[in-house]
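Me: Could you pick one part of this model and take me through it slowly? I'm in my first year, so please explain the terms as they come up.

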Number of protein chains: 2
Amino acid sequence: MNEEKTTSFESPIHARLQALHRELSGISEGDVATYIPELAKANPDWLGICVVTANGGIYEAGDTRQTFTIQSISKPFVYGLALEDQGRESVLRKVGVEPTGDAFNSISLDPDTGCPRNPMINAGAIATTGLVEGKTPLIRLQRIIDMFGKYSGRTMTVDEAVYRSESATGHRNRAISYMLRNFDILTGDPMPVAETYFQQCAILGHCLDLATMAATLANRGLNPITGQQAIRGEYVESVLGIMGTCGMYDYAGQWLYEVGMPAKSGVAGGIAAVLPGQLGIGVFSPRLDKHGNSVRGIRACSELSRDWDLHLFNRAGVGNSMIRHRFTAAEYGSSRVRAARERVAIGKHGNSVVQYQLQGNLVFATAEPIIRELTAVPAEVESIILDFHYVHSMNETACRLFHDILLQFHSAGRNVLFCAVNSIPHLRRVLKTKLGNRCDELFRVFEDNDTALQWCEDHLLERVLPPLPEMSIGADNYELLNGFSSDELVILRKFFERREWKAGETICNAGDAAREIYLLARGRVSVHYPLENGRSKRLAVFTAGMAFGEMAVLDRAPHYTNIVADIHTACDLISMAKLIALGISYPKIKIRLLENLALSLCSKLRKANQEASLLA
Amino acid sequence: MNEEKTTSFESPIHARLQALHRELSGISEGDVATYIPELAKANPDWLGICVVTANGGIYEAGDTRQTFTIQSISKPFVYGLALEDQGRESVLRKVGVEPTGDAFNSISLDPDTGCPRNPMINAGAIATTGLVEGKTPLIRLQRIIDMFGKYSGRTMTVDEAVYRSESATGHRNRAISYMLRNFDILTGDPMPVAETYFQQCAILGHCLDLATMAATLANRGLNPITGQQAIRGEYVESVLGIMGTCGMYDYAGQWLYEVGMPAKSGVAGGIAAVLPGQLGIGVFSPRLDKHGNSVRGIRACSELSRDWDLHLFNRAGVGNSMIRHRFTAAEYGSSRVRAARERVAIGKHGNSVVQYQLQGNLVFATAEPIIRELTAVPAEVESIILDFHYVHSMNETACRLFHDILLQFHSAGRNVLFCAVNSIPHLRRVLKTKLGNRCDELFRVFEDNDTALQWCEDHLLERVLPPLPEMSIGADNYELLNGFSSDELVILRKFFERREWKAGETICNAGDAAREIYLLARGRVSVHYPLENGRSKRLAVFTAGMAFGEMAVLDRAPHYTNIVADIHTACDLISMAKLIALGISYPKIKIRLLENLALSLCSKLRKANQEASLLA
């Protein structure tokens with residue numbers, strides 16, 4: 001390797017943030033907030049831009065670790081805590097959710113009920129703080145601080161100087177608090193609530209905190225860095241709903257129009273913006289516009305939204321490609337090696353078994369085309385395999401849609417088989433809740449689609465083929481000994497030896513030296529290829545009449561699979577030494593045996609190649 | 001098949017709409033609008049619910065074909081037309097985008113500029129209608145009607161009676177129009193604009209129209225039923241942005257909080273709601289609440305949103321699974337059959353070739369983990385294959401991120417190969433625009449990953465192996481003739497015949513009878529498996545020293561592949577008849593030949609099985 005190739009690469013995402021930081025540093029419009037002296041001390045040139053994705057990518061440019069007080073950005077998060085503490089209905093009885101054209105510090109109470117119009121104006125935010133549980137103001141504050149810790153992944157503290165400054169000048173907010181007490185929106189002494197509110201506004205955070213907090217909301221409440229749940233997922237939509245209509249003071253309409261993400265700003269110059277399911281943005285720059293929003297913060301979010309196509313309402317259709325593949329058993333059979341009459345029957349009737357490989361994230365809109373296809377399944381289909389191997393996630397709605405169609409299929413006498421649903425515990429939970437005891441009867445779960453396919457084939461064969469007695473096969477019935485005369489078979493028998501295994505016993509392990517070709521006289525064996533993760537993939541199942549172990553004998557490599565007797569099994573074996581002896585004494589017999597062997601390898605290779613083609 | 005199995009199935013989505021229709025039919029709250037006599041004639045019991053998905057699924061319940069006038073629902077669509085006609089900046093200079101607490105028919109003009117606060121109040125809507133291009137009022141109206149036709153897929157007409165009724169009583173709207181003229185928001189005679197506005201409100205539509213129109217917005221302006229583009233994709237976010245903050249009168253905040261979809265309602269009782277990327281909902285029921293929204297319409301949307309988890313802000317993280325598989329060439333080789341020294345070299349150095357199978361819809365947040373992985377690619381990697389086979393779509397942002405990393409890789413002397421990018425014409429367009437003439441040099445496109453992998457292996461072998469002269473192989477160098485003595489080779493030569501093909505000539509076609517085993521003396525051949533869609537998958541490439549055609553000879557089936565000489569090629573052939581003759585005259589030679597043959601089949605089957613395991 002030459003030196004040059006060890007260069008590490010710069011993420012274009014990081015590069016974009018750096019360039020944006022340089023570009024915006026030149027803007028000197030707007031003024032630092034001065035309504036309390038502590039805020040006026042901020043350096044107007046500070047600028048931090050940070051993006052945290054819902055799967056934990058972190059990108060930073062500029063002063064992303066400079067702390068500042070989060071101010072109004074605290075409001076939606078505390079609102080989320082109030083929702084968790086009181087439930088949505090109780091909170092809605094005290095605080096509305098309608099945007100108002102009025103300024104953030106107007107009293108804006110409903111003239112009849114006294115309810116603040118929304119939780120982003122001061123009146124609504126103070127009312128919300130009053131809804132946080134806690135026996136004492138200290139406990140209440142600690143719960144708020146703990147919550148912010150979960151969102152940011154870092155212990156956040158109150159800036160005492162800013163808090164004292166806010167408290168010293170917060171007469172208007174005290175007036176609002178008493179007005180809320182007057183309407184019984186606050187109960188008890190309203191002054192401690194006002195103090196807690198001043199404290200929550202004075203919590204110190206930095207730009208990376210804001211981005212992480214926003215990413216946690218984007219990730220349905222789960223902090224993507226620490227894996228901690230900061231708010232129950234069901235309340236996230238309400239927090240974001242409020243941020244969507246009321247988060248940016250009286251700039252909210254233009255913000256949603258241009259930037260297209262729920263967001264909240266604070267007078268210290270912070271903005272936290274959320275793209276649900278995708279990412280959080282944190283920006284910090286203290287110069288404010290006339291609405292009280294950070295000038296460079298708005299520019300940063302606006303440019304990133306445009307540049308990276310983040311506008312929530314600018315979405316392409318989800319497409320129709322949630323069905324990755326659709327096979328019938330006639331097109332793609334299980335790995336079980338079948339006797340000739342079975343192969344013919346599966347070729348003829350295999351259209352009655354359909355396998356769907358599903359993919360992607362299943363929600364209503366992506367499950368819908370699958371459900372549409374399933375309801376139109378042809379009348380001759382008796383078994384349907386749903387393979388969830390490539391499904392990343394499935395929400396409750398998608399689970400319920402599958403449940404509903406499953407029930408109908410069952411009533412109509414069809415079989416539905418589920419594969420690889422281990423990664424979607426949700427599906428079983430939903431079905432269990434809805435079906436109760438019938439769940440295990442209706443919800444046929446298979447570890448892999450090969451087992452499921454084999455089940456369907458067996459089911460199909462039972463229906464279309466007359467049953468055969470359990471066979472014990474003599475040497476004249478082995479496929480590998482096809483075409484030999486009875487004299488030749490008498491000779492051959494002398495070269496073979498009989499051996500038996502109980503159900504579950506291992507016949508050979510991967511790594512064992514290869515010594516024999518096995519002809520299956522009675523029973524069933526399966527061949528497993530060991531995978532890295534300790535699991536294994538079943539490559540084949542053999543039943544009476546078939547041969548195995550020939551590959552290892554041919555190339556003298558050790559076995560690379562584990563071969564196990566599924567039930568009590570007997571085999572006739574020919575060893576490598578005997579095979580050589582056979583060639584010396586009876587070359588014609590050996591030629592025929594080798595031709596049969598090559599033919600059987602040939603048919604296995606054809607099957608492997610055809611299936612690979614179908615997958616391509 | 002028994003009779004029972006021909007039962008057709010009911011979609012659970014359809015069933016849900018039916019149940020919802022029954023459930024909501026009982027609600028009799030609210031009153032039919034009476035401000036013009038024509039509206040008062042509506043049957044208050046009408047109820048239609050319709051869902052159209054962005055990929056064209058249609059679900060209906062109730063009075064979904066009952067026509068009514070769309071009224072205010074016309075506003076966002078005409079706003080979209082004005083954006084197309086004038087551009088975003090011009091429109092924003094005339095009409096704002098901030099929600100207002102005022103009633104829909106208030107004048108609400110900015111006291112300084114005279115701009116209406118937003119296009120959903122009457123003042124803003126009339127100003128918007130004035131921005132639609134058209135030399136005469138008739139042309140303007142016709143353009144509006146044509147636009148609705150594209151959205152709904154159906155010619156929509158003006159209800160003359162309703163229009164006359166609106167016009168006869170529309171004094172307030174005429175006052176607004178003159179006020180707009182006063183501020184030069186409207187230019188020329190404002191009265192024809194007011195008439196066009198009355199007409200657009202009186203356009204007749206039904207519930208399915210509304211759902212289709214909404215689904216068209218959900219599908220970035222492309223009608224999912226007709227495939228017609230109703231509005232340029234870039235303006236959809238603006239239309240939805242306005243609907244998001246101002247679409248539901250002074251219920252907009254609560255609507256976004258509870259239902260979580262941009263929407264617009266009309267006083268005739270219609271609501272159109274949009275879930276971007278996913279679906280549109282149309283509801284019609286004439287009883288209105290105090291805000292002027294359909295009572296049962298709001299209930300329907302609210303219940304569907306809750307039931308099907310449609311809230312825009314309730315999204316799970318996109319997850320990290322956009323990389324389906326990651327292989328090195330050491331783990332998974334190309335289908336090219338390599339000589340022993342090459343196999344060893346690929347096994348040893350194959351970690352320098354990495355193949356990524358990507359999947360899903362690539363936007364910023366789903367491309368980001370891929371980019372993150374690519375920037376951290378180990379120093380020893382010299383070639384990177386990006387396989388887009390399972391990528392459904394890719395937006396401009398994702399294309400640009402790949403471009404940026406591609407450039408860096410190129411500067412560092414790495415190779416980047418793209419496979420299966422045909423379905424993403426966007427990527428080539430973006431790269432072409434950014435790279436100009438360098439595009440074809442840097443953007444290495446391969447039809448399939450096998451060809452790409454082969455290119456990387458060749459590149460790797462060139463670097464790590466000393467070059468060999470172009471070989472012309474004698475019988476003693478064939479892998480199939482391994483281990484024979486020189487006397488035996490002399491005998492064998494008599495059974496073989498030499499034949500030659502020019503570059504591009506077919507050696508055998510799928511379907512040809514199998515007659516010979518081919519030993520490749522010089523040149524290169526490739527084996528193609530024909531697929532249903534006229535394309536083919538390359539199964540293997542053979543070079544000098546290797547054998548092919550043996551499978552067809554063994555099982556006497558016709559060839560199932562096409563075998564083609566890639567360059568000038570010479571082979572030594574042995575026919576089936578000669579093979580039989582060989583066995584009679586020289587059985588030991590035939591035994592060894594068959595053993596070699598079985599061994600070669602064996603190694604091909606092992607490769608096929610191992611690759612299948614890796615894919616599982």
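Reply: Let's start with helix 14 of chain B, where B:Ala340, B:Arg341, B:Val344 and B:Lys348 are exposed on one side, the one opposite the buried residues. Before going on, remember that this is a predicted model, in which local features need pLDDT of at least 70, side-chain atom pairs count only at pLDDT 80 or more, and totals for chains, interfaces and linings use all residues. Residues are numbered from 1 along each chain as its sequence is written, while chains are lettered from A and ligands numbered from 1 in the order in which they are written.

Helix 14 covers residues 340–349 of chain B, and B:Glu342, B:Ile346 and B:His349 are its buried residues. (Buried takes 20 or more other C-beta atoms within 10 Å of a residue's own, exposed takes 12 or fewer, and partly exposed is in between; C-beta atoms are placed from the backbone.) These three span an arc of only 85 degrees around the axis, so they sit on the same side of helix 14 of chain B. (The arc is taken from the directions from the helix axis to the C-beta atoms.) There's a handy bit of background here: an α-helix has 3.6 residues a turn, so residues three or four places apart point the same way. What do the buried residues of helix 14 of chain B pack against? Their partner is helix 19 (449–464) of chain B. (Helices, H or I with at least four residues, and strands, E with at least two, are DSSP runs numbered from the N terminus.)

Staying in chain B, look at a couple of loop residues. B:Ala33 is in the loop that links helix 1 (12–25) with helix 2 (37–40) of chain B. B:Ala33 has 19 other C-beta atoms within 10 Å, so it counts as partly exposed. Once you leave out neighbours within four places in sequence, B:Ala33 is in contact with B:Leu39, B:Val267, B:Ala268 and B:Leu288. (Contact is C-beta atoms, placed from the backbone, within 7 Å.) For a sense of scale, B:Ala33 and B:Leu593 are 560 residues apart in sequence, and their C-alpha atoms are 93 Å apart in space.

B:Asp309 is in the loop between helix 13 (295–308) and strand 8 (323–328) of chain B. Its phi is positive, near 55 degrees, in a residue other than glycine. B:Asp309 is partly exposed because 19 C-beta neighbours lie inside 10 Å.

Now hop over to chain A. A:Tyr249 also has a positive phi, about 55 degrees, and isn't a glycine. You'll find A:Tyr249 in the loop between helix 11 (236–246) and helix 12 (252–258) of chain A. A:Tyr249 counts as buried, because it has 22 C-beta neighbours inside 10 Å.

For a residue in a strand, try A:Gln357, which belongs to strand 11 (residues 353–362) of chain A. A:Gln357 is buried, with 21 other C-beta atoms within 10 Å. Setting aside residues up to four places away in sequence, A:Gln357 touches A:Arg324, A:His325, A:Asp387, A:His389 and A:Tyr390. The C-alpha atoms of A:Gln357 and A:Met322 are 8.5 Å apart, although 35 residues separate them along the chain.

Helix pairs come next. In chain A, the axes of helix 5 (residues 122–130) and helix 9 come within 9 Å and cross at roughly 105 degrees. (Axes are lines fitted to C-alpha atoms, for helices over the stretch in contact; angles run from 0 to 180 degrees between N-to-C directions.) That makes helix 5 of chain A roughly perpendicular to helix 9 of chain A. (Under 35 degrees is roughly parallel, over 145 roughly antiparallel, 65 to 115 roughly perpendicular, and the rest oblique.) A:Ala125, A:Ile126, A:Thr129 and A:Gly130 of helix 5 meet A:Val193, A:Ala194, A:Thr196, A:Tyr197 and A:Gln200 of helix 9 in chain A.

Helix 9 (residues 190–201) of chain A also packs with helix 7 (residues 160–169) of chain A, at about 140 degrees with the axes 8 Å apart. Helix 7 and helix 9 of chain A are therefore oblique to each other. A:Tyr163, A:Glu166 and A:Ser167 of helix 7 make this contact with A:Glu195, A:Phe198, A:Gln199 and A:Cys201 of helix 9 in chain A.

Finally, the contact between the chains takes 109 residues from chain A and 110 residues from chain B. On the chain A side, helix 23 (residues 587–615) gives the most, with 20 residues.

Methods: Two residues are in contact if their C-beta atoms, placed from the backbone, lie within 7 Å.
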